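Hi,

Here is the structure I promised to pass on. Have a look at it first, and then read my notes below.

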Amino acid sequence: MAQKFYVVWSGRQTGVFSDWPSAQRAVDKYPGARFKSFATHAEAERAFGHGNLEEKSAITRRGQRRAAHTAHRFDVSIYCDGACDPNPGNAGSGIVVYRGGELAELWYGLYNPVGTNNTAELNALYHALRMAEEEIKNGKTVEVCSDSAYAINCIRSWAPLWEKKGWKKPGGEIRNLKLIQDGYAIYRRIKDAVTLTHVAGHVGTEGNELADRMAMYAAQTKERKLRRYQETMDIPTLLKMRAG
């Protein structure tokens, strides 16, 4: 298993950790803990420095997030995310549904023991689009949000071009083709009625953070089906779960 590095921006101790037990001690049951894993020490160091700058504007961001929920633009907002630890390895997906700006549902699952972060992201987006299609049938306005530029580009930008060329691209095979085709089939049906939005990951956006926690929960529990989270939906407690 490849070594991972862990950044803790907010915890009992902050900094870059070279092992999960040390990072876990810094964040376990710590209110408002903020942490994330990285593949290399250099990436972790850069993220820690950037995160310190972000921390200065955390209060402003939280206020903006609350305001966004108050002045919601869509009847339904669906956030989706994928996680894989290690990558490739234990992959899972998470989905979060807001109705009327209020947290309504959490979903986790789609575990793959030999998945990648990209397959997990595509799985999450596919099922989010399925949910969006049902909401649209019921007359709702819907936004689907993902922090994966790769997944969004596959479905919205690249798939139409690949389809025209017989699902081929110059220079080699299209990786994760079946997942892309399945997601594109739904997107093509609803593209005029759904808003597909790329959001920045791990910058405090509540829906994205919760989807991340559900994705990691799926990878940890090894749940293969997509299941609705049945525990109490207490947001501060949920955000203390392990991040991807």
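**Cysteines first**

Keep in mind that this is a predicted model. Counting a disulfide as two cysteine sulfurs within 2.5 Å, I get zero disulfides. Take cysteine 80: it is in no disulfide, and the nearest cysteine sulfur belongs to cysteine 145, 8.1 Å away. Why does cysteine 145 not bond to cysteine 80? Because its sulfur is 8.1 Å from that of cysteine 80, the closest one, and that is too far for a bond. Are these two cysteines buried or exposed? Cysteine 80 has 1% relative accessibility, so it counts as buried. Cysteine 145 is buried as well, with a relative accessible area of 2%.

**The sheet**

Next, find the open sheet. Six strands make it up, in the order β8-β7-β4-β5-β6-β9, and their pairing is mixed. At the edges sit β8 and β9 (227–228), each of which pairs on one side only. A bit of background: strands in a sheet pair through backbone hydrogen bonds, and they can be parallel or antiparallel. For β7 and β8 the answer is parallel, with five bridges joining them. If you want a spot to zoom in on, glutamate 143 stands opposite threonine 195 in β8.

Helix α4 packs on this sheet, where it touches β4 (76–85), β5 (89–99), β6 (102–115), β7 and β8. The direction of α4 makes about 160° with that of β4.

**Helix α5**

I spent a while on this one. Helix α5 covers residues 149–164, so to speak: 16 residues in total. From first C-alpha to last it reaches 22 Å, close to the 22 Å expected at 1.5 Å a residue. Where is the kink in α5? Look at tryptophan 158, where there is a kink of about 60°, shortly before proline 160. After the helix comes glycine 166, which has a positive phi, near 70°.

How does α5 sit against the sheet? The helix lies across β7 and β8, and runs at about 145° to β8. Its buried residues are Ala151, Ile152, Cys154, Ile155, Ala159 and Trp162. Which elements cover them? The cover includes two helices, α4 (117–137) and α6 (177–190), along with the strands β7 (142–146) and β8 (194–198).

Have fun turning it around on your screen!

Cheers

How values were computed: Residues are numbered from 1 along each chain as its sequence is written. This is a predicted model: local features need pLDDT of at least 70, side-chain atom pairs count only at pLDDT 80 or more; totals for chains, interfaces and linings use all residues. Side-chain values use heavy atoms; hydrogens and water are left out. Helices (H or I, at least four residues) and strands (E, at least two) are DSSP runs, numbered from the N terminus. The expected span of a helix is 1.5 Å times one less than its number of residues. The bend at a residue is the angle between axes fitted to the seven residues ending there and the seven starting there. Buried means under 20% relative accessible area, exposed over 50%, partly exposed in between (1.4 Å probe, protein chains only). Contact means heavy atoms within 4.5 Å. Two strands pair if DSSP finds at least two bridges between them. Axes are lines fitted to C-alpha atoms, for helices over the stretch in contact, and angles run from 0 to 180 degrees between N-to-C directions.
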